[in-house]
Amino acid sequence: MITLKGTTIYLRALEPEDLEFIYKIENNESIWDVSNTQTPYSRFLIRQYLENAHQDIYEAKQLRLAVVSIDQERLVGLIDLFDFDFKNSRAGVGILLEESSRGQGLGAEVLALLIDYAFSHLQLHQLYANISISNEASTKLFTKFGFQKIGIKKDWNKINGQFVDEVLFQLIHNS
């Protein structure tokens with residue numbers, strides 16, 4: 001699909017071969033705070049998830065896509081549309097790149113592709129992102145694309161025994 005192809009990466013549906021990558025990502029405790037994960041995932045559960053990944057966004061209320069490096073043909077991250085709300089034409093956005101792929105501009109390319117897809121193909125009116133107040137890289141990325149800070153959720157997440165704020169960002173499509 002041309003829509004989901006950039007200059008250095010492309011986005012594709014999840015495949016059964018993605019099991020080990022997703023297993024590694026989902027069980028990386030260093031990112032559990034941003035994913036609100038509390039317990040590890042088994043390969044069995046991830047395999048079941050992948051078996052149901054064929055459901056479309058209208059049925060599953062989410063869409064998770066693999067981020068693939070064009071030059072290496074290697075999976076480098078995941079991007080999600082979650083809490084898809086057809087009636088109100090909105091969805092949340094979550095992006096995760098493996099550590100070795102960060103800081104290279106891939107996040108911007110991935111987010112640009114997803115925004116275009118969400119607004120042009122899914123006809124969404126708005127996207128939102130929940131970002132920890134300390135996540136400067138994500139804040140910079142999302143604001144670069146016009147997401148505006150619309151609120152702070154005080155003491156929203158408990159991280160390492162401390163409550164931290166989470167910022168809500170929103171991008172409204174002006175069609």
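This section describes the salt bridges, one helix and a nonpolar surface patch of a predicted model.

Eight salt bridges are present in the structure. In one of them, the side chains of Arg74 and Glu98 are paired, with an N to O distance of 2.6 Å. Arg74 belongs to strand β3 (residues 74-85), whereas Glu98 is placed in the loop between β4 (90-97) and α5 (106-120), so that this contact ties together parts lying 24 residues apart in sequence. The two partners differ in their cover: Arg74 is partly exposed, with a relative accessibility of 33%, while Glu98, at 8%, is buried, because that value falls under the 20% limit.

A further salt bridge joins the side chains of Asp85 and Arg90, for which the N to O distance is 3.4 Å; Arg90 is partly exposed, its relative accessibility being 31%. Asp165 and Lys154 also form a salt bridge, in which the closest N and O atoms are separated by 3.1 Å. Since Asp165 is part of strand β7 (residues 162-172) and Lys154 is part of strand β6 (residues 148-159), the pair ties together parts that are 11 residues apart in sequence. Here Asp165 counts as buried, with 13% relative accessibility, whereas Lys154 is exposed, with a relative accessible area of 59%. In addition to these pairs, a network of salt bridges links Glu26, Arg64 and Asp80. In general, side chains of opposite charge can pair when their charged atoms come close.

The helix α5 was examined for its span and its cover. For its 15 residues, a rise of 1.5 Å a residue gives an expected span of 21 Å, and the C-alpha atoms at its ends are 21 Å apart, so the expected and computed values agree. The helix is mostly covered, with 12 of the 15 residues of α5 being buried. Among these buried residues are Leu106, Val110, Leu111, Leu113, Leu114, Ile115 and Phe119, together with Gly107, Ala108 and Ala118; Glu109 and Tyr117 of α5 are likewise buried.

On the surface, a nonpolar patch is formed by Tyr41, Phe44 and Leu45, which together have about 310 Å² of accessible area. Of these residues, Tyr41 is located in the loop between α2 (32-35) and α3 (43-51). Tyr41 is partly exposed, with a relative accessible area of 36%, and this value is compatible with membership of the patch because residues are admitted to a patch when their relative accessible area is over 30% and they take part in no salt bridge.

Terms used: Residues numbered from 1 in each chain as written. Predicted model: local features only at pLDDT ≥ 70, side-chain atom pairs only at ≥ 80, totals over all residues. Heavy atoms only, no water. Patch = residues over 30% accessible without salt bridge, like charges linked within 9 Å, V, L, I, M, F, W, Y side chains within 5 Å. Areas by Shrake-Rupley, 256 points an atom, 1.4 Å probe, with all protein chains shown as cover. Salt bridge = Lys/Arg side-chain N within 4 Å of Asp/Glu carboxyl O. Helix = DSSP H or I, 4+ residues; strand = E, 2+ residues; numbered from the N terminus. Buried < 20%, exposed > 50% of the residue type's maximum accessible area, 1.4 Å probe, protein only. Expected span 1.5 Å × (residues − 1).
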